[in-house]
Amino acid sequence: MVVSILHRITGDGMATVGTVVLVWWLAAIAAGRESYHTFYHVFGEVAGGALGYLFAIGMTLCFFQHMATGIRHFFLDAGAGYELKINRSGSIATMVFAVVATVLVWAYIVGVK
């Protein structure tokens, strides 16, 4: 049940929050240098860019969680994995995968070696 709710939340979150930020970014570019500077200031300079990183890492986590639960639902729709133990293991695996994949992607992006 938790994974199903997370699937809906992550999908809606990527759609709404991602769209709002994308439209703001495009409008800031179209409006000129001062508007873009305001956008950049909020996402790139406030608290050392913490808001930008928080947004990007959150969207990455949402993407991987949504993708993993989508794949899990694909197998469930095919009729596999309805046994309680397998279903629970698959649910936990989606959350673990999302966190591990997010950590690996961001470790690569920031250059952790």
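Helix α1 gives the most to a nonpolar patch on this predicted model, with 4 residues. The patch is formed on the surface by Leu22, Trp25, Leu26, Ile29, Tyr36 and Tyr40, which together have about 550 Å² of accessible area. The elements that contribute two or more residues to the patch are α1, spanning residues 2-31, and α2, spanning residues 33-45. Among the patch residues, tryptophan 25 has its place in helix α1, and because its relative accessibility is 33%, between the 20% and 50% limits, tryptophan 25 counts as partly exposed.

Beyond α2 the chain enters a loop that leads to α3, and alanine 47 lies in this loop. The backbone of alanine 47 deserves a second look, for this residue has a positive phi of about 55° although it is not a glycine. Alanine 47 is also exposed, with a relative accessible area of 64%.

The next element to follow is helix α3, which covers residues 50-77 and holds arginine 72. Methionine 67 is found in helix α3 as well, and with a relative accessible area of 30% methionine 67 is partly exposed. Methionine 67 and phenylalanine 97 are 30 residues apart in sequence, while their C-alpha atoms are 10.0 Å apart in space.

Which side chain of opposite charge is nearest to arginine 72? That side chain belongs to aspartate 77, at a distance of 9.3 Å, and arginine 72 has no salt bridge although it is buried. Because a salt bridge requires a side-chain nitrogen of Lys or Arg within 4 Å of a carboxyl oxygen of Asp or Glu, the 9.3 Å that separates arginine 72 from aspartate 77 does not qualify. What the side chain of arginine 72 does have is a polar contact of 2.3 Å with the side chain of asparagine 87. Leaving aside residues up to four places away in sequence, arginine 72 touches Val3, Asn87, Gly90, Ser91 and Thr94.

One of these contacts, Ser91, brings the reader to helix α4, residues 84-110, in which serine 91 lies. Is serine 91 buried or exposed? Serine 91 counts as buried, because its relative accessibility of 13% falls under the 20% limit. The side chain of serine 91 reaches the backbone oxygen of asparagine 87 at 2.9 Å, and the side chain of asparagine 87 is in turn joined to that of arginine 72 by the polar contact already described. Again leaving aside residues up to four places away in sequence, serine 91 touches Val3 and Arg72, and Val3 is likewise among the residues that arginine 72 touches.

Terms used
Residues are numbered from 1 along each chain as its sequence is written. This is a predicted model: local features need pLDDT of at least 70, side-chain atom pairs count only at pLDDT 80 or more; totals for chains, interfaces and linings use all residues. Side-chain values use heavy atoms; hydrogens and water are left out. Buried means under 20% relative accessible area, exposed over 50%, partly exposed in between (1.4 Å probe, protein chains only). Lys and Arg count as positive and Asp and Glu as negative; His and the chain ends are not counted. A polar contact is a pair of N or O atoms within 3.5 Å; within protein, one must be able to donate a hydrogen and the other to accept it, and residues adjacent in sequence count only if both atoms are side-chain atoms. Contact means heavy atoms within 4.5 Å. Patches are made of residues with over 30% relative accessible area and no salt bridge: like charges are joined within 9 Å, nonpolar side chains (Val, Leu, Ile, Met, Phe, Trp, Tyr) within 5 Å. Accessible areas come from the Shrake-Rupley method with a 1.4 Å probe; for residues, only the protein chains shown count as cover.
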